[in-house]
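Visitor: I have some questions about how two parts of a protein meet. Can we take them one by one?

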Amino acid sequence: MSWIVVEARPDGGASLHELADDADVPGMPILPLEVVSRVEVPEADLPAELAAREASHPRWVLDDTAARYPALLAAGVGLERCHDLRLCHAILRMSAACAGSVLATSPPGPWDAPPDHDAWHEPDEVAAIPTLFDAVDEAGDGVGVSPVGGPAGVDEPPDLLAELALQLDAVAGSAGPGGLRLLLAAESTGALIAAEIAHDGLPWDVAEHDRVLTALLGPRPAPGRRPAVLEELATRVRTTLDAPDLNPDSQPHLLQALRRAGLDVASTSRYEISAQRHPVVEPLLAYKKLARLLSANGWTWLDTWVHDGRYRPDYVVGGVVTGRWASRGSGALQLPAQVRSAVRADPGWALVVADAAQLEPRVLAAMSGDGAMAAAARGADLYQGLVDAGAVATRKEAKIGMLGAIYGGTTGVSGAVMPRLSAAFPRAIGLVESAARAGERGEVVSTWLGRSSPPPGERWWAARAAGTGEGADPADAADARRRARDWGRFTRNFVVQGTAAEWALCWLAALRRRLRDLPGRPHLVYFLHDEVVVHSPVEVAPVVADAVRAAAGEAGRLLFGDGPVEFPLDVSVVDSYDKAG
DNA sequence: AGAGGTCGCGCC
DNA sequence: AGGGCGCGACCTCT
């Protein structure tokens with residue numbers, strides 16, 4: 001076996017050597033060739049901005065970035081670019097653009113198996129993440145370097161270069177090779193970024209978080225006890241409902257007590273309760289709000305997820321069917337506004353917080369080529385632009401109408417505004433309507449770069465068969481229609497949400513590259529669908545803010561060329577996250 | 001005791 | 001009367 005040796009350079013890059021199998025190089029991380037290879041990827045059809053770099057920079061081919069890269073980072077090695085075979089395989093298997101390829105038509109193989117997280121970590125080891133030296137020591141029997149898809153030593157290790165060849169073939173023969181290449185590059189860079197964010201961590205002020213909790217809930221109680229403020233609210237709820245033994249955390253009992261007290265509710269949801277006029281509403285809603293804070297982001301969360309002043313989100317790149325990232329364990333994508341003041345830059349550092357304004361409607365305008373909507377999106381406020389264009393009367397109508405168009409809203413204000421939007425912006429609305437109709441027929445839809453939606457499952461087709469035709473039971477027919485509409489809402493949203501996710505990935509990747517050129521090592525510390533946070537030395541922060549904007553422009557050009565749609569950002573330089581925006 | 005389902009709600 | 005998620009609490013079933 002030959003080995004690739006990755007050697008950290010002082011400038012933060014890495015160099016590599018190929019070694020004989022008995023080589024022993026103390027202090028250097030070593031990976032077997034089957035796990036990581038340096039490969040030059042053909043650059044045909046890449047946008048010019050990428051192609052120039054593609055020619056001169058190596059792209060590391062990894063079987064699974066999430067499994068390999070943390071150890072590299074721990075050893076002080078950063079990779080500039082990679083091709084993640086696992087993530088790219090998943091995209092290409094599903095993509096309608098290469099449905100006829102060998103890759104897509106082969107029976108399921110090891111690259112289709114879900115990643116085995118247990119194989120990455122040795123729970124009994126002191127270090128949660130195995131070091132590369134562990135991998136080398138145990139490589140002889142496969143432990144620690146087990147490939148994706150099967151127990152070590154049982155299956156043949158997947159052949160990385162063979163898989164790469166299949167993937168490149170699938171792309172080259174596809175209907176949209178340029179888009180897919182960009183998508184695969186962006187997805188893979190996302191995998192690098194997710195690991196880098198986990199490595200660096202989001203700076204977190206535990207004392208400030210504790211202050212917030214104490215101010216809202218009272219001092220931290222003994223384990224198993226309610227904080228004083230919550231207990232007080234619970235008592236008020238019990239008294240008001242005349243239910244002395246009520247546990248307000250129990251939905252069935254709470255619903256029972258509410259109905260007995262005369263409230264007209266069918267559930268205990270905040271929405272229903274807030275519509276009632278009753279003295280219990282105020283303390284109960286306050287209770288629910290604070291109980292949520294305590295259970296989701298209270299002291300237990302703090303103890304579990306924040307260490308040494310850093311919160312380390314565990315992102316799952318490609319974890320959502322649309323291409324959005326998911327997260328694992330700590331609710332990284334649901335940090336409530338209440339605790340954002342605890343996200344605090346280190347002394348001498350700042351947070352550069354940026355979010356893309358009305359990203360999804362802008363993406364829809366760009367991908368549909370709707371000139372009228374693009375013109376309305378010229379300013380910083382797209383919704384006001386729709387009003388100024390005369391399409392709708394108020395900004396509120398514009399917002400609800402656009403969200404309805406993207407999410408599939410048909411009732412209320414949303415449904416009422418749709419005909420006017422459709423008349424004013426026929427291509428944009430036509431695109432989402434067409435995606436909805438395709439989904440209702442059970443067809444696959446695709447994003448701008450070529451990520452495809454999953455087809456409906458067996459139950460969907462069975463329900464459709466049962467509900468279609470002359471003699472169908474009316475109940476079956478109604479069920480089939482409902483399922484069709486539901487799936488149409490999913491595919492309608494898929495094309496927009498998925499393309500927005502692609503824009504965001506390109507934005508992240510472009511930003512990361514720009515940050516590498518700046519002094520002081522400003523680095524990404526958080527990502528949330530259409531928002532990024534960069535931790536930066538204070539004196540570099542203004543340049544970082546420029547880089548974030550420039551990266552947004554680059555993302556727009558990468559996806560849509562020099563089209564008319566702009567992607568403005570709201571950028572803030574702050575010392576804590578709550579001050580952004 | 002533990003697994004799995006439902007609800008409710010946080011984020012976009 | 002919307003799309004996508006993850007998580008904790010409770011509850012039920014095994």
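Guide: Yes. This is a predicted model. Across the interface of domain 1 and domain 4, 4 residue pairs are in polar contact, both partners at pLDDT 80 or more.

Visitor: Which elements give two or more residues to the side of domain 1 that touches domain 4?

Guide: They are α3 (85-94) and α8 (177-200). The largest share comes from α8, with 5 residues.

Visitor: What makes up that side by class?

Guide: It has 6 nonpolar, 2 polar and 1 charged residues.

Visitor: Why is the pair R451 and E187 called a salt bridge?

Guide: The cut-off is 4 Å between a side-chain nitrogen of Lys or Arg and a carboxyl oxygen of Asp or Glu. The closest N and O atoms of R451 and E187 are 2.8 Å apart. That is within 4 Å, so the pair counts as a salt bridge. Across this interface the rule finds 1 salt bridge.

Visitor: How do you know that domain 1 and domain 4 are in contact?

Guide: Contact needs heavy atoms within 4.5 Å. By that rule, 9 residues of domain 1 are in contact with 8 residues of domain 4.

Visitor: How much area do domain 1 and domain 4 bury between them?

Guide: About 670 Å², 62% of it on carbon and sulfur atoms. On the side of domain 1, M94, A96 and L183 supply 54% of the area buried against domain 4, more than any other three residues.

Visitor: Where do the two domains lie in chain A?

Guide: Domain 1 spans 3-200 and domain 4 spans 369-497.

Notes: Residues numbered from 1 in each chain as written. Chains lettered and ligands numbered in written order. Predicted model: local features only at pLDDT ≥ 70, side-chain atom pairs only at ≥ 80, totals over all residues. Heavy atoms only, no water. Domains from an automatic or database assignment. Buried area = accessible area lost by both parts, 1.4 Å probe. Polar contact = N/O pair within 3.5 Å; in protein donor to acceptor, adjacent residues only side chain to side chain. Helix = DSSP H or I, 4+ residues; strand = E, 2+ residues; numbered from the N terminus. Nonpolar A, V, L, I, M, F, W, Y, C, P; charged D, E, K, R; others polar.
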